[in-house]
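Trainee: I have a model open and want to learn how to read its packing. Where do we start?

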Amino acid sequence: MAVGRRGGPSQPDNWLHLAVRYLARWDRTTAQVEHFLRARGASPAQVKHTIGRLSDLRYLNDRAYAERWIEACLARRPMGRERLEAELLAKGVPETVAGQAIRAALRDLDEEALARRVLLHVRRTGRQLTPVQSMRLLRQRGFEEETIERMIGVRSGQRDFDS
């Protein structure tokens, strides 16, 4: 039964309560909460009101979400700026917010350092990649062709990735 129908909760506080329960499970973006509320039967006005309250209460903050997500992502599965942005956009983070969060998180890292992290991460698992496999992996992780060529050239030249 959808909330707000047949005598179910329809007051703004009930939508807020439902959204807070949804947020309690995992960190979410504004777009994800909006979609959740609409899927439960909330009207556009109810969604707007609930999102406003959640933002006022600091339960929703797309910039903070993006920063936390990037940090966790880089720790467990490093990837390039393009892929980070694509993933954040897919989660509903606005493009400007995603760009700001990525710039802030990666201000001390260049693309080559990120690519090196990816290749080191794979090496730590015990896998040895051929240059072709390394290129494919770096492409999948959102690195620019120029960076990939530099990294594979470095690897072909037998330079150490641990530096």
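**Reading the helices and their core**

Mentor: Start with the elements. The chain has nine helices and zero strands. Keep in mind that this is a predicted model.

Trainee: How much of the chain is buried?

Mentor: Buried residues account for 40% of the 163 residues.

Trainee: Which residues touch the most other members of the largest nonpolar core?

Mentor: Ile-70, Leu-84, Leu-88 and Leu-138 do, in a core of 29 residues. Helices 4, 5, 6, 7, 8 and 9 each give two or more residues to this core. There is also a second, separate core of 14 residues, with Ala-19, Tyr-22, Phe-36 and Ala-42 among them.

Trainee: What does Leu-138 touch, leaving out residues up to four places away in sequence?

Mentor: Leu-138 touches Ala-115, Val-118, Leu-119, Phe-143, Ile-148, Met-151 and Ile-152.

Trainee: How do I describe two packed helices?

Mentor: Use the angle between their axes and the distance between the axes. Take helix 4 (62–76) and helix 5 (81–90). They pack at about 130°, with axes 11 Å apart.

Trainee: Why is helix 4 called oblique to helix 5?

Mentor: The angle of about 130° falls outside the roughly perpendicular range of 65 to 115, and it is not over 145, so it counts as oblique. Helix 4 passes helix 5 in a right-handed crossing.

Trainee: Which residues meet there?

Mentor: From helix 4, Tyr-65, Ala-66, Trp-69, Ile-70, Cys-73 and Leu-74. From helix 5, Leu-84, Glu-87 and Leu-88. By class, this contact has eight nonpolar residues, no polar residues and one charged residue.

Trainee: And contacts along the whole chain?

Mentor: Take contacts between residues at least 6 apart in sequence; 60% of these join residues at least 24 apart.

Definitions and conventions
Residues are numbered from 1 along each chain as its sequence is written. This is a predicted model: local features need pLDDT of at least 70, side-chain atom pairs count only at pLDDT 80 or more; totals for chains, interfaces and linings use all residues. Side-chain values use heavy atoms; hydrogens and water are left out. A nonpolar core is a set of buried Ala, Val, Leu, Ile, Met, Phe, Trp, Tyr and Cys residues joined through side-chain atoms within 4.5 Å. Buried means under 20% relative accessible area, exposed over 50%, partly exposed in between (1.4 Å probe, protein chains only). Helices (H or I, at least four residues) and strands (E, at least two) are DSSP runs, numbered from the N terminus. Contact means heavy atoms within 4.5 Å. Axes are lines fitted to C-alpha atoms, for helices over the stretch in contact, and angles run from 0 to 180 degrees between N-to-C directions. Angles under 35 degrees count as roughly parallel, over 145 as roughly antiparallel, 65 to 115 as roughly perpendicular and the rest as oblique. A crossing is left-handed if the near helix is turned anticlockwise from the far one by less than a right angle, and right-handed if clockwise. Ala, Val, Leu, Ile, Met, Phe, Trp, Tyr, Cys and Pro count as nonpolar, Asp, Glu, Lys and Arg as charged, and the others, Gly among them, as polar.
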